[in-house]
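Work through the exercises below with the sequence and the model side by side. Try each task before reading its solution.

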Amino acid sequence: FAAGLAFTLLACSIETPGTPLFFAVEKNAAAATISTSERMFTRDLRACFAALAGRVKRRLVYCADDPGARELSAGRPRAVSYGIESDADWRAERLVESAEAVAFDVLRRGEELGRVRLPVPGKHNVLNALAACAATEEWQVDFASLRRGLEGFQPAGRRFERVVATEEILVISDYAHHPSEI
């Protein structure tokens with residue numbers, strides 16, 4: 001987000017058991033994913049997200065592809081959706097994935113805005129990019145600026161890091177963030 005904009009809270013599901021959730025919502029919020037399929041999802045977590053959504057004063061951004069997020073967010077005043085599989089306000093179409101990147105067309109309420117190439121692979125990164133686009137709607141950020149920001153994204157160190165790249169082999173290191181995922 002550009003400097004000088006109002007306070008914005010981005011919230012997403014938590015993967016660590018027993019981690020308390022505390023929210024401070026002032027003007028804007030984005031609920032990236034509220035997944036009912038995750039083993040950690042509980043009624044308490046659902047209640048936290050419902051309380052968060054109910055306190056948003058300006059813009060609520062949610063993933064329309066996720067049934068839990070859609071259930072808690074759709075129909076709320078000033079809610080904006082994003083997704084790949086759904087009929088969302090912000091959509092990605094014509095995805096082309098490679099080992100190191102993903103390209104897609106961005107549509108806002110059916111209007112094609114242009115093509116973006118993220119320097120990281122995966123549909124989850126497309127969803128993150130769409131969430132960012134939807135969150136900027138409040139400030140009417142032009143698509144050229146959105147594209148520049150998304151295409152200039154640099155992942156955290158050791159995320160999709162190219163270790164070896166020759167004509168015969170490509171090795172990408174992507175660290176796991178939880179011992180059970182190593």
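**Exercise 1.** Find which residues Asp105 is in contact with, leaving aside its neighbours within four places in sequence.

*Solution.* Begin with contact, which means heavy atoms within 4.5 Å; by this rule Asp105 is in contact with Arg91, Ala92, Glu93, Arg94, Glu112, Gly114 and Arg115, once neighbours within four places are set aside. Next, place the residue: Asp105 lies in strand S6, strands being DSSP runs (E, at least two residues) and helices likewise (H or I, at least four), numbered from the N terminus. Then note that Asp105 is buried, with a relative accessible area of 7%, where buried means under 20%, exposed over 50% and partly exposed in between (1.4 Å probe, protein chains only).

This is a predicted model, in which local features need pLDDT of at least 70 and side-chain atom pairs count only at pLDDT 80 or more, while totals for chains, interfaces and linings use all residues. Residues are numbered from 1 along each chain as its sequence is written, and side-chain values use heavy atoms, with hydrogens and water left out.

**Exercise 2.** Work out which residues Leu118 touches, not counting residues up to four places away in sequence.

*Solution.* With those residues not counted, Leu118 touches Glu100, Ala101, Val102, Phe104, Asn125, Val126, Ala129 and Leu150.

**Exercise 3.** Decide whether Gly149 is buried, partly exposed or exposed, and find how far apart Gly149 and Leu118 are in space.

*Solution.* First locate Gly149, which is found in helix H4. Its relative accessible area is 48%, so Gly149 is partly exposed. Finally, compare positions: Gly149 and Leu118 are 31 residues apart in sequence and 9.7 Å apart in space, C-alpha to C-alpha.
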